[in-house]
Amino acid sequence: MKRSDYAGVSALTRQARDEAIDSGHFYLVGGGIASLAAAAFLIRDADVPGCRITILEALGDAGGSLDGAGTPRDGYVVRGGRMLESKYLCTYDLFDSIPTLDGRSSVTKQIFDWNTTIRTSSKARLVRDGKREDAPAYGLAESHLLTLGRLSFEPEALLGDSRISDHFDADFFDTNFWIMWCTTFAFQPWHSAAEFRRYLLRFAHMTPGFNQLHGIMRTVYNQYDSMVRPLRKWLDEHGVVFRNHTRVVDLRYDESGELNRVAAIVCEHDNRRDEIPLGEHDKVIVTLGSMTAGSSLGGTDRPAACAGNDSNDSSGAWALWKTIAAGRTEFGHPSVFADHVDESRWLSFTATLHDPTLFSLIRDLTGNVPGEGGLITFPQSNWLASIVLPHQPHFIGQPKDVQVLWGYGLFVDRPGNFIAKPMVECTGREIMTELLRHLKIEAQAQRILDDAICIPCVMPFITSQFLRRKRGDRPQVVPEGWANLAFVGQFCELPNDVVFTVEYSIRSAQTAVYTLLGLNRAAPAVYKGQHDPRVVYGAASELRHH
Ligand code: FAD
């Protein structure tokens, strides 16, 4: 046990922490990357034996929103394609300790080596009229630049719960800058200005070359195969207990002491309700909410079912948060994020291709080989559709003659330009048809469609973490007044870092473990390029001169 990590902690607190580590059980609610990371930090940095860590997951597998599954015959599905960058400091800290599946290096080293071999450099970030635009001009007016500058300097608190659209005129949302920004990060004009500001600052160092996606890093395969699987293997080897199909529906409390405690976890398993009582030294780490809660898959000939609320959320993510937060302001305000599906929903699709024609045509059109270009957006698309051709194979075990591409649309309630239906009502084939028309692929379209499996996925809460929020809507990682409870994931408050990232969930896990156990350690500080004059100059001149 690393007792030295307790330097600076009072003797009494130290004793409580030692007892937690020596005999306490740790229950982690949710099996997404936040919980997996928390388990790993408990083992690596606090020497908690894996067998005293239990992960309670409602669904049948770990990984949560960091998913990737399927077969060449039935089609592959990645609900998302995740972009990383060099300042994912907590992510790389964690994965530095996790070996790749073949044991040849750490996952972090593999990611950095891979991105040295294939650097993202898009030659077709935008495609209009079937033609690529290499390094599109941002098209910002002086007034837009001034507002971007003001937002960067204005303290977050002053922005309150304002929308991005409260700060810009309508022209801003027609600029190439906004089209590239909103499709890279999935922002909408009605989303939180405070979160927009955080993104401006957090990714300031990536502004030069933003129109070619410079600095975006990828994993070798999809992130389930490249990140979740190695981490899961490491946790299994350390004896962590995974209880799948176990939905946590409530917590019981003991409020008789100086600090409140969670006294029991209420779960449902096989339609049976069960309580896990917590001992004096036990602790609970709860992943709040989920951007992929209630998501539903369609098929090549079937649209995805489209829920307007959390009614088909089998994970119970929102239900749990709403239940435990009722009457407890220190647990945040879940309705701010959960009850505006019309402002948080969009659709992604994964196409599995058994014929190389589409990949060759897109390679010729864009001048990028798969894995090099990143997002290709069609600004004229009513759905504001984008696609990505990842490096192939994208899945471990994917046959050589199969290719997988991912795409999404931001305006899923509007009829397409060619298919007269809202994107959410479309089958996979209709989505592919619309895509081929934007690419101006006609002669080969039937051949491509005949061999394609395309699976749409509606995600009602996909941008819920971007909805406008006020101070206090997201709870602290360790809520004040509680002895054995922490919150992790996308909906707890971490100053300066940005949501809709793997990094945010991992940072929350690292913060939760160190704070709950009173370790004298801290997660790596959030990178602040805005304090480096070279970064500020680079960002300003990029936006002004392109
Ligand atoms: P989740 O992954 O949502 O995990 C929550 C888990 O807890 C789920 O498995 C759920 O079933 C379970 N659960 C919830 N409530 C309960 C309960 N009551 N009882 C039991 N189990 C429960 N990140 C990037 O860094 N870059 C990107 O480019 C990027 N793009 C993305 C694109 C898409 C389409 C998606 C979906 C995600 C993207 N992300 C990206 C975000 C990243 O994947 C997520 O931030 C991260 O995976 C969230 O992890 P989490 O563990 O916090 O939550």
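## What packs around H14

In this predicted model, the cover over the buried residues of helix H14 includes strands E13 (346–353), E15 (385–388) and E17 (452–459), along with helices H13 (357–366) and H15 (445–450). H14 itself runs over residues 428–438, and 8 of its 11 residues are buried, so the rest of the structure largely encloses it. The buried set is Gly428, Glu430, Ile431, Met432, Glu434, Leu435, Leu436 and His438. After the helix comes Lys440, which has a positive phi, near 60 degrees.

## The nonpolar core

Met432 turns up again in the largest nonpolar core, a set of 166 residues. Met432 is among the members with the most contacts inside that core, together with Trp181, Phe187, Phe196, Leu235, Ile265 and Leu358. Helix H2 (residues 33–46) brings the largest share, 11 residues.

Take Phe196 as a close-up. Leaving aside residues up to four places away in sequence, Phe196 touches Leu148, Leu151, Ile164, Phe168, Phe172, Trp178, Trp181 and Phe187.

## Cavities

Searching the whole structure turns up 3 cavities of 30 Å³ or more. The largest comes to about 220 Å³. It has 22 lining residues, and Arg218, Thr219, Pro390, His391 and His394 sit closest to its centre. The lining splits into 9 nonpolar, 11 polar and 2 charged residues.

The second largest cavity has a volume of about 90 Å³. Its lining has 16 residues, with Thr366, Asn368, Gly373, Ile376 and Leu389 closest to the centre. H13, already met as part of the cover over H14, gives the most to this lining, with 4 residues. By type, the lining holds 7 nonpolar, 6 polar and 3 charged residues.

## Salt bridges

There are 36 salt bridges in the whole structure. One of them pairs Asp45 with Arg521, with the closest N and O atoms 3.5 Å apart. This pair ties together distant parts of the chain, 476 residues apart: Asp45 is in helix H2, and Arg521 is in the loop between helix H16 (502–516) and helix H17 (533–545). Asp45 is buried at 3% relative accessible area, while Arg521 is partly exposed at 32%.

Helix H9 (residues 223–237) offers a local version: Asp225 and Arg229 are 4 residues apart, so about one helical turn separates them. Their closest N and O atoms are 3.2 Å apart. Asp225 is buried at 6% and Arg229 partly exposed at 35%. Also in H9, Glu237 and Lys233 are 4 residues apart and form a salt bridge at 3.4 Å. Here Glu237 is exposed, at 54%.

Elsewhere, a network of salt bridges links Glu156, Glu195, Arg198, Arg469, Arg474 and Glu493.

Technical notes: Residues are numbered from 1 along each chain as its sequence is written. This is a predicted model: local features need pLDDT of at least 70, side-chain atom pairs count only at pLDDT 80 or more; totals for chains, interfaces and linings use all residues. Side-chain values use heavy atoms; hydrogens and water are left out. Buried means under 20% relative accessible area, exposed over 50%, partly exposed in between (1.4 Å probe, protein chains only). Helices (H or I, at least four residues) and strands (E, at least two) are DSSP runs, numbered from the N terminus. Contact means heavy atoms within 4.5 Å. A nonpolar core is a set of buried Ala, Val, Leu, Ile, Met, Phe, Trp, Tyr and Cys residues joined through side-chain atoms within 4.5 Å. On a 1 Å grid over the protein atoms alone, a cavity is a set of points where a 1.4 Å probe fits but cannot get out, and a pocket is an open set with protein on both sides within 12 Å along at least five of seven lines; lining residues have an atom within 4 Å of a point. Grid points are joined across faces, edges and corners, and a volume is the space filled by probe spheres set on the points. Ala, Val, Leu, Ile, Met, Phe, Trp, Tyr, Cys and Pro count as nonpolar, Asp, Glu, Lys and Arg as charged, and the others, Gly among them, as polar. A salt bridge is a side-chain nitrogen of Lys or Arg within 4 Å of a carboxyl oxygen of Asp or Glu.
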